[in-house]
Amino acid sequence: MMKTRLYFLPFLAGLFLLCLSVSAHGENYIEVLDKGTVDWTNGFIEAEGLGKPPPDPLNTAHSRAVAEREAALSARVNLAEVVKRIRVDSRTEVGDYVKRPAIGLDALETRLRSARRVDLSYERAEEVRVRVSVRLWGALAELILPNSIRNISTIVQPPGQEKSEESFTGLIVDCRGISLQPALVPLIVDEEGEVIYGPAFASRDHAAEKGMVSYIRDFTTANNHVRVAPRPLVVKGIRKPEGSPCDIMISRADAAKIRQPPSNLGFLHRCRVLVVVD
């Protein structure tokens with residue numbers, strides 16, 4: 001009986017640590033791709049690379065230096081592959097965009113030089129594993145966002161006229177229960193297919209700074225999220241439009257809530273939109 005308890009205690013300890021890890025990262029929506037991950041909540045892309053020591057190293061320091069360089073190079077190559085797999089919209093990936101002269105692979109690789117090494121570990125047989133990370137937003141987003149997203153000038157209130165307070169400060173779209181695929185430029189449409197939110201509604205400076213939308217898993221956290229707080233308008237996604245895995249359809253009633261009052265255009269221009277997913 002005592003042996004059973006002794007073996008069971010380490011199992012409980014490991015299970016407890018696992019639960020802590022899951023709960024700490026449970027609200028972030030992290031997409032796992034072949035070569036790395038995309039954090040659609042915080043806007044970071046990560047990839048790993050593995051480096052091996054040379055066959056006949058001069059010494060331990062030389063062996064590790066060669067392995068680290070190889071791992072870092074491999075990680076950056078993998079990072080570029082992850083970026084190319086990111087969906088721009090329901091029909092296009094970033095990889096389709098970089099084939100065009102307006103962007104080009106060279107321009108993408110230049111942007112990825114800003115990637116930082118965030119982890120280094122030593123594996124068996126003196127192999128080295130390096131993980132690198134780059135912001136999805138900022139300079140990279142400015143490069144890969146479609147040209148259809150343009151800057152929208154802020155409406156200036158006439159002198160002497162009081163500024164009207166916005167009824168809502170952001171939009172939460174509850175898409176739990178829908179197998180939604182994340183994208184840089186998703187559309188929100190009503191039941192007739194009319195676009196409620198898309199490239200024409202988002203100002204490019206805000207879209208590049210923080211993305212057109214952010215995805216999150218926890219609904220309670222979403223209500224208090226800095227992106228949409230303090231008075232978010234909450235609507236329910238009912239399904240995906242036919243053939244559009246990244247887009248969201250909402251009801252006529254919810255679409256009317258977004259369209260009225262006109263002041264809601266303000267938070268749409270500023271991309272204060274949060275999508276809750278499973």
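Two strands pair if DSSP finds at least two bridges between them. Strands (E, at least two residues) and helices (H or I, at least four) are DSSP runs, numbered from the N terminus.

The model is predicted: local features need pLDDT of at least 70, side-chain atom pairs count only at pLDDT 80 or more, and totals for chains, interfaces and linings use all residues. Residues are numbered from 1 along each chain as its sequence is written, and side-chain values use heavy atoms, without hydrogens and water.

**Exercise 1. Lay out the open sheet of seven strands and find its edges.**

Step 1. Write the order: β8-β7-β11-β10-β6-β12-β9, with mixed pairing.
Step 2. Look at the ends. β8 (195–197) and β9 (214–216) each have a single partner strand, so one side of each is left without a neighbour in the sheet.
Step 3. Take β7 (residues 188–189) and β11 (residues 248–250). They are parallel, over two bridges. Ile-188 faces Ile-248 of β11.
Step 4. Move to β12. β6 pairs with β12 in parallel over four bridges, and Asp-174 is opposite Val-276. β9 also runs parallel to β12, through three bridges. There Tyr-215 has Val-275 as its bridge partner.
Step 5. Sort the side chains of β12 (residues 273–276). Val-273 and Val-275 point one way, Leu-274 and Val-276 the other, and all are buried (under 20% relative accessible area, 1.4 Å probe, protein chains only).

**Exercise 2. Trace strand β3 (residues 44–51) and its partners.**

Step 1. Split the faces. Ile-45, Ala-47, Gly-49 and Gly-51 point to one face and are buried. Phe-44, Glu-46, Glu-48 and Leu-50 point to the other and are not buried.
Step 2. Add β2 (residues 36–39). β2 joins β3 by four bridges, antiparallel. Asp-39 is bridged to Phe-44.
Step 3. Check the hairpin of β2 and β3. Four residues lie between the strands, and Gly-43 has a positive phi near 75°.
Step 4. Add β5 (residues 128–135). Eight bridges join β5 to β3, again antiparallel. Glu-46 is opposite Ser-133.

**Exercise 3. Describe the lining of the second largest pocket.**

Step 1. Fix the term. A pocket is an open set of points on a 1 Å grid over the protein atoms alone, where a 1.4 Å probe fits, with protein on both sides within 12 Å along at least five of seven lines; lining residues have an atom within 4 Å of a point.
Step 2. Assign the elements. α2 (60–85) and α4 (105–111) each supply at least two lining residues. α2 gives the most, with five.
Step 3. Classify the lining: four nonpolar, no polar and five charged residues. Among the lining residues are Arg-76, Val-77, Glu-81 and Leu-105.

Note on methods: Buried < 20%, exposed > 50% of the residue type's maximum accessible area, 1.4 Å probe, protein only. Nonpolar A, V, L, I, M, F, W, Y, C, P; charged D, E, K, R; others polar.
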